[in-house]
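Visitor: I'd like a quick tour of this one, helix by helix. Could you walk me through it?

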Amino acid sequence: MNKDTMNGDNEKPLAKITCSSYDCERDLHCFRRRRPRKQSYRSEICVACGAQMVEWQRLDNHDLIDVENTFKSLERELIRHHFWHKTFDEKALKHAKGQGFVGLRQRAENRLRSCLRKPSSENSWDGRQTPLEGNVIYYAQHATATCCRKCAEIWHGFDREKQLTGDEFEYMLELVMRYIYKRLPDLPPVGPKARPQIARNRILE
Ligand SMILES: [Zn+2]
Ligand SMILES: [Zn+2]
């Protein structure tokens, strides 16, 4: 099997991993409630084994000082763990080097705004709008649960039917950028392909 279909650390082939996957024996769980209707997608315990290992209230503080705990908690879910460790594909890496942190931040901001702006019920693509490869921002979104309104509801407690606030967008943007910084610490601040305009500091709705 080539490296594009396997994880960096010899996990299952990508095709078999979805938001509902779990492998509790390897301590990789799933916190997505099945068909929740009006309830939240968040299951406080693993839907497969019942393990209770995430301090949800602590995560819901959205405190970036505690971001390491947030990241560690995200890694307890199989799908997030996969994207925390998956080797970046070549296209994604080339794009990231061309953009640098400033360019990526600007693009991540646009990306989050376009894919998370609508409530879940008004977006028939919700849950499918973020590709699995081709851009480090996509990897970051799956890893930090900012890929769709359902994952953001599970992990960040943002009601999938409510309009997100500027602060909520900004928190998720920060998670995406910190993921990229952790995984690609040697990227240039500004890449040769970054647009000359300086990225805005805040997400304006
Ligand atoms: Zn489990
Ligand atoms: Zn998602």
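**Core and helices**

Guide: Happy to. Keep in mind that this is a predicted model. The largest nonpolar core has 41 residues, and the members that touch the most others are Ala140, Cys151, Ala152 and Val176.

Visitor: Which helix supplies the largest share of this core?

Guide: Several elements chip in: H3 (78–85), H4, H5 (136–144), H6 and H7 each give at least two residues. The largest share is 7 residues, and the helix that brings them is H7.

Visitor: What is the order of elements from the N terminus on?

Guide: The chain holds 7 helices and 0 strands. Read from the N terminus, then, the order is α-α-α-α-α-α-α.

Visitor: How much of the chain counts as buried?

Guide: Contacts in the chain reach far along the sequence: among those with a separation of 6 or more, 66% join residues 24 or more positions apart. As for burial, the chain has 205 residues, and the share that counts as buried is 33%.

Visitor: Is helix H6 enclosed or open, and how many of its residues are buried?

Guide: H6 covers residues 149–156, and its buried residues are Arg149, Lys150, Cys151, Ala152, Glu153, Ile154, Trp155 and His156. They pack against H1 (56–59), H2 (67–74), H4 (90–116) and H7 (166–183). H6 is largely enclosed by the rest of the structure, because the number of its residues that are buried is 8 of the 8.

Visitor: What does alanine 152 touch, leaving out residues up to four places away in sequence?

Guide: Alanine 152 belongs to H6 and is buried there. It is also one of the core residues that touch the most other members. With those close in sequence left out, its partners are Leu116, Ala145, Thr146, Phe158 and Met172.

Visitor: Are H4 and H7 roughly parallel or oblique to each other?

Guide: Their axes are 10 Å apart, with a packing angle of about 135 degrees, and H4 passes H7 in a right-handed crossing. On the H4 side the contact includes Leu104, Ala108 and Leu112, and on the H7 side Phe169, Val176 and Ile180 are among the residues. By class, the contact has 9 nonpolar, no polar and 3 charged residues. The angle is over 115 degrees but not over 145, so the pair is oblique.

Visitor: And how is H5 oriented to H7?

Guide: The two axes come within 9 Å, crossing at roughly 115 degrees, and the crossing is right-handed. Val136, Ile137, Ala140, Gln141, Ala143 and Thr144 of H5 meet Leu175, Val176, Tyr179 and Ile180 of H7, a contact with 8 nonpolar, 2 polar and no charged residues. Given that angle, H5 is to H7 roughly perpendicular.

Visitor: Is alanine 145, with its positive phi, buried or exposed?

Guide: Alanine 145 is not a glycine, yet its phi is about 60 degrees. It sits in the loop between H5 and H6. Having 20 or more C-beta neighbours is what counts here, and alanine 145 has 27 inside 10 Å, so it is buried.

Visitor: How about aspartate 27: what is its degree of exposure?

Guide: Aspartate 27 lies in the segment before H1 and has a positive phi near 65 degrees, again in a residue other than glycine. It has 14 other C-beta atoms within 10 Å, so it is partly exposed.

Visitor: Last one: which glycine just after H6 takes a positive phi?

Guide: H6 runs over residues 149–156. Just after it, a phi of about 75 degrees is taken by glycine 157.

How values were computed
Residues numbered from 1 in each chain as written. Chains lettered and ligands numbered in written order. Predicted model: local features only at pLDDT ≥ 70, side-chain atom pairs only at ≥ 80, totals over all residues. Buried ≥ 20, exposed ≤ 12 C-beta atoms within 10 Å, placed from the backbone. Helix = DSSP H or I, 4+ residues; strand = E, 2+ residues; numbered from the N terminus. Contact = placed C-beta atoms within 7 Å. Core = buried A, V, L, I, M, F, W, Y, C linked by C-beta atoms within 7 Å. Axes fitted to C-alpha atoms, helices over the stretch in contact; angles between N-to-C directions. Parallel < 35°, antiparallel > 145°, perpendicular 65-115°, else oblique. Left-handed = near helix turned anticlockwise from the far one by under 90°. Nonpolar A, V, L, I, M, F, W, Y, C, P; charged D, E, K, R; others polar.
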